[in-house]
Amino acid sequence: MPVAPRPVVRPLAVNDDVAGVPCPACGTPNPPDRRFCRRCATPLTPSTAAAPLPWWRTVWPLRRNRRTRAGSGRLVRFLVVLTVVLALCAAGFLLLPAGRHLVQDTLDKLGKAKAVTPTRVRASAELPEHPVGQSTDGLSNRYWGAPGPGASATYTFGKPFRLVAVIVTNGASPDPEEYAKQGRALRIDMEVTDRDGATVHKKLVLSDKPGPQTFPTGISDATTVRLTLEEPAGSALQGPLALAEVEFFQRS
């Protein structure tokens, strides 16, 4: 097959007498008005890269993908940013108590509880042979004898503490036979007062069985605890009620 001759590029003569800025690639002088090198076509005035934006300018709505007219969209961006800031402030204000409560509960679970003894105990009513002090003497076979439902016992502590749990041993004794002989309360209204005078109420629903029963509380800065006996049970529903032992625990 016949082969066509390949074209030959004839090099053009370049006048090296031109005075001007040398090409950064081949060093050929170029007149000042040229934008590309007359020998190798390399750009003589390369565009400089724009400096990177700070990180906060890359977040919408501050990010700009194209040039805009002066003042275009500024009001919209300002209103969006203001709305987001106000929403975050409102959420923080509303969620702060819940967040603080969650943190305290987590610390209660991670920490260890230790017993705390009240410095003073008094009762609204008590049987002479079963004073209220027997409910915190550490002996479960002695009890506070209340004349009937509605009687209360107030426990005062020396300094505020985080009340994490209360253990109640109901009835006259952990022994089943002695337990069944005496009336007892199946519900206790617990009122906790903190250092600022604010009160928190909790209902302790007891199982009708002998032995200790634990109730998590999670109340901060407790100074006094008042227990009111309610819902009597036993053979003598209107007779005296027995409460063997009450134990209070704080976070160590």
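## Exercises on a predicted model

The backbone oxygen of Leu163 is placed 2.7 Å from a polar side-chain atom of Thr217. The structure is a predicted model, and the exercises below start from this pair.

**Exercise 1.** Determine where Thr217 lies, whether Thr217 is buried or exposed, and which residues Thr217 touches.

*Solution.* Step 1: Thr217 belongs to strand β9, which covers residues 212–233. Step 2: the relative accessible area of Thr217 is 10%; the limit for a buried residue is under 20%, so Thr217 is buried. Step 3: residues up to four places away in sequence are not counted, and Thr217 then touches Leu163, Val164, Ala165, Val166, Met190 and Lys202. Leu163 is thus one of the residues touched by Thr217, and the backbone oxygen of Leu163 is the atom found 2.7 Å from the polar side-chain atom of Thr217.

**Exercise 2.** Identify the sign of phi in Ala41 and in Asp221, and describe the setting of each residue.

*Solution.* Step 1: most residues other than glycine have a negative phi. Step 2: Ala41 has a positive phi, near 65 degrees. Ala41 sits in the loop between β2 (29–30) and α1 (74–110), and with a relative accessible area of 49% Ala41 is partly exposed. Step 3: Asp221 also has a positive phi, near 55 degrees. Asp221 is placed in strand β9, and its relative accessibility of 31% makes Asp221 partly exposed.

**Exercise 3.** Locate Arg120, list its contacts, and state how many residues separate Arg120 from Gly133 in sequence.

*Solution.* Step 1: Arg120 is in strand β4, residues 120–123. Step 2: with neighbours within four places in sequence left aside, Arg120 is in contact with Thr154, Tyr155 and Thr156. Step 3: Arg120 and Gly133 are 13 residues apart in sequence, and the distance between their C-alpha atoms is 8.8 Å.

**Exercise 4.** State which residues make the nonpolar surface patch that includes Leu79, and classify Leu79 by accessibility.

*Solution.* Step 1: the patch is made by Leu75, Phe78, Leu79, Leu82 and Leu86, and its area is about 520 Å². Step 2: Leu79 lies in helix α1. Step 3: the relative accessibility of Leu79 is 44%, so Leu79 counts as partly exposed.

**Exercise 5.** Examine three of the salt bridges and state which parts of the sequence two of them tie together.

*Solution.* Step 1: the structure holds nine salt bridges. Step 2: one of them joins Asp137 and Arg142, with the closest N and O atoms 2.8 Å apart. Asp137 is partly exposed at 26% relative accessible area, and Arg142 is partly exposed at 37%.

Step 3: Glu231 forms a salt bridge with Arg187, and the closest N and O atoms are 3.9 Å apart. Because Glu231 lies in strand β9 and Arg187 in strand β7 (residues 184–194), this pair ties together parts that are 44 residues apart in sequence. Glu231 is partly exposed at 41%, as is Arg187 at 32%.

Step 4: Lys203 forms a salt bridge with Asp189, with the closest N and O atoms 3.4 Å apart. Because Lys203 lies in strand β8 (residues 199–205) and Asp189 in strand β7, the pair ties together parts that are 14 residues apart in sequence. Lys203 is partly exposed at 48%, whereas Asp189 counts as buried at 12%.

Step 5: Arg187, Asp189, Lys203, Glu230 and Glu231 are linked in a network of salt bridges.

Technical notes
Residues are numbered from 1 along each chain as its sequence is written. This is a predicted model: local features need pLDDT of at least 70, side-chain atom pairs count only at pLDDT 80 or more; totals for chains, interfaces and linings use all residues. Side-chain values use heavy atoms; hydrogens and water are left out. Helices (H or I, at least four residues) and strands (E, at least two) are DSSP runs, numbered from the N terminus. Buried means under 20% relative accessible area, exposed over 50%, partly exposed in between (1.4 Å probe, protein chains only). A polar contact is a pair of N or O atoms within 3.5 Å; within protein, one must be able to donate a hydrogen and the other to accept it, and residues adjacent in sequence count only if both atoms are side-chain atoms. Contact means heavy atoms within 4.5 Å. Patches are made of residues with over 30% relative accessible area and no salt bridge: like charges are joined within 9 Å, nonpolar side chains (Val, Leu, Ile, Met, Phe, Trp, Tyr) within 5 Å. Accessible areas come from the Shrake-Rupley method with a 1.4 Å probe; for residues, only the protein chains shown count as cover. A salt bridge is a side-chain nitrogen of Lys or Arg within 4 Å of a carboxyl oxygen of Asp or Glu.
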